[in-house]
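Here is a brief tour for a newcomer. Look over the sequence and the model, then read on.

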Amino acid sequence: MIPCWPRLRAIATAAGLLLICTMRPAAALDMPSPFVQEVLIKSILVSLNDAVAANNFTVFHAKISKPFRDQFPPDKLKTIFKDLVDKHAVFDAVVARPIVLDEDAKIDDKGVLRLKGHFDTTPKQVKYQLGFIASDGAWKLSGISIDIE
């Protein structure tokens with residue numbers, strides 16, 4: 001049976017919107033629950049996948065934290081992820097898989113939520129290291145490293 005990826009994407013998007021609407025002010029953000037961490041990871045990877053597939057990083061840019069947006073405009077993001085675009089990397093299907101934590105989630109001394117793990121897929125694994133900061137009252141992406149090997 002082939003999973004319904006558009007439906008999964010809609011569920012992830014709806015969960016992400018619910019998360020954004022229910023978050024407390026930036027100064028009061030605590031460690032998100034494992035469920036919320038999974039939503040953060042999967043929603044950002046789906047957004048990145050869409051940007052790579054379309055070779056257009058405008059929407060992805062709008063979803064990241066303000067300091068990250070200021071430092072990396074859409075054209076610079078396109079340059080950073082050029083390798084994924086050139087390889088026509090498609091990795092949105094991995095979000096149907098459970099995440100495997102390589103390290104426990106933590107909020108560092110600078111207030112950055114650090115999430116590191118991978119999806120156990122074959123023949124290739126998608127590994128990620130993500131940083132999120134409190135921005136606009138929600139956890140927003142402030143750093144990303146993705147490796148498909």
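## Strand pairing, core and pocket

Val100 stands opposite His118 in E3. This is one detail of a predicted model, and the strand pairs make a good way in.

**Around E3.** Strand E3 covers residues 113-119. Strand E1 (residues 99-101) pairs with E3 in the antiparallel sense, over three bridges. Strand E2 (residues 106-107) also pairs with E3 in the antiparallel sense, over two bridges. In that pair, Lys106 stands opposite Arg114. E2 and E3 form a hairpin with five residues between them. Gly111 sits in the turn and has a positive phi of about 85°.

How is E3 placed, enclosed or not? Five of its seven residues are buried, so E3 is largely enclosed by the rest of the structure.

**From E3 to E4 to E5.** E3 and E4 run antiparallel and are joined by seven bridges. A hairpin of six residues links E3 to E4. Arg114 stands opposite Gly131 in E4, and Gly117 stands opposite Tyr128 in E4. Arg114 therefore appears in two pairings, with Lys106 and with Gly131.E4 is mostly covered, with seven of its ten residues buried. E4 also pairs with E5 in the antiparallel sense, over ten bridges. There, Gln129 stands opposite Ser145 in E5. The hairpin of E4 and E5 has two residues between the strands. In this hairpin, Asp136 takes a positive phi near 55°.

The antiparallel pairs are listed here.

| Strand pair | Bridges |
|---|---|
| E1 and E3 | three bridges |
| E2 and E3 | two bridges |
| E3 and E4 | seven bridges |
| E4 and E5 | ten bridges |

**The whole protein.** The protein has six helices and five strands. From the N terminus on, the order of elements is α-α-α-α-α-α-β-β-β-β-β. The protein has 149 residues, and 40% of them are buried. Take the contacts between residues at least 6 apart in sequence: 50% of these join residues at least 24 apart.

**The core.** In soluble globular proteins, nonpolar side chains tend to be buried together. Here, the largest nonpolar core holds 33 residues. Which of them touch the most other members? They are Leu48, Phe57, Phe60, Phe81, Phe132 and Leu141. The elements that give two or more residues to this core are helix H2 (34-54), H6, strand E3 (113-119), strand E4 (126-135) and E5. H2 gives the largest share, eight residues.

Phe57 has a wide set of partners to look up in the model. Leaving out residues up to four places away in sequence, Phe57 touches Leu48, Ala51, Val52, Pro74, Leu77, Lys78, Phe81 and Val85. Leu48 and Phe81 are also among the core residues that touch the most other members.

**A pocket.** The second largest pocket holds about 390 Å³ of space. Its lining has 17 residues, and the closest to its centre are Ala89, Phe91, Lys124, Val126 and Ile148. Helix H6 (82-86) and strand E5 (138-148) are the elements that give two or more residues to this lining. E5 gives the largest share, three residues. What kinds of residue line the pocket? Eleven are nonpolar, two are polar and four are charged.

E5 and H6 thus appear twice in this account. Both give two or more residues to the largest nonpolar core, and both do so for the lining of the second largest pocket.

Technical notes. Residues numbered from 1 in each chain as written. Predicted model: local features only at pLDDT ≥ 70, side-chain atom pairs only at ≥ 80, totals over all residues. Heavy atoms only, no water. 1 Å grid on protein atoms, 1.4 Å probe; cavity = no way out; pocket = protein on both sides within 12 Å on 5 of 7 lines; lining within 4 Å. Points joined across faces, edges and corners; volume = space filled by probe spheres on them. Helix = DSSP H or I, 4+ residues; strand = E, 2+ residues; numbered from the N terminus. Nonpolar A, V, L, I, M, F, W, Y, C, P; charged D, E, K, R; others polar. Core = buried A, V, L, I, M, F, W, Y, C linked by side-chain atoms within 4.5 Å. Buried < 20%, exposed > 50% of the residue type's maximum accessible area, 1.4 Å probe, protein only. Contact = heavy atoms within 4.5 Å. Pairing = 2+ DSSP bridges.
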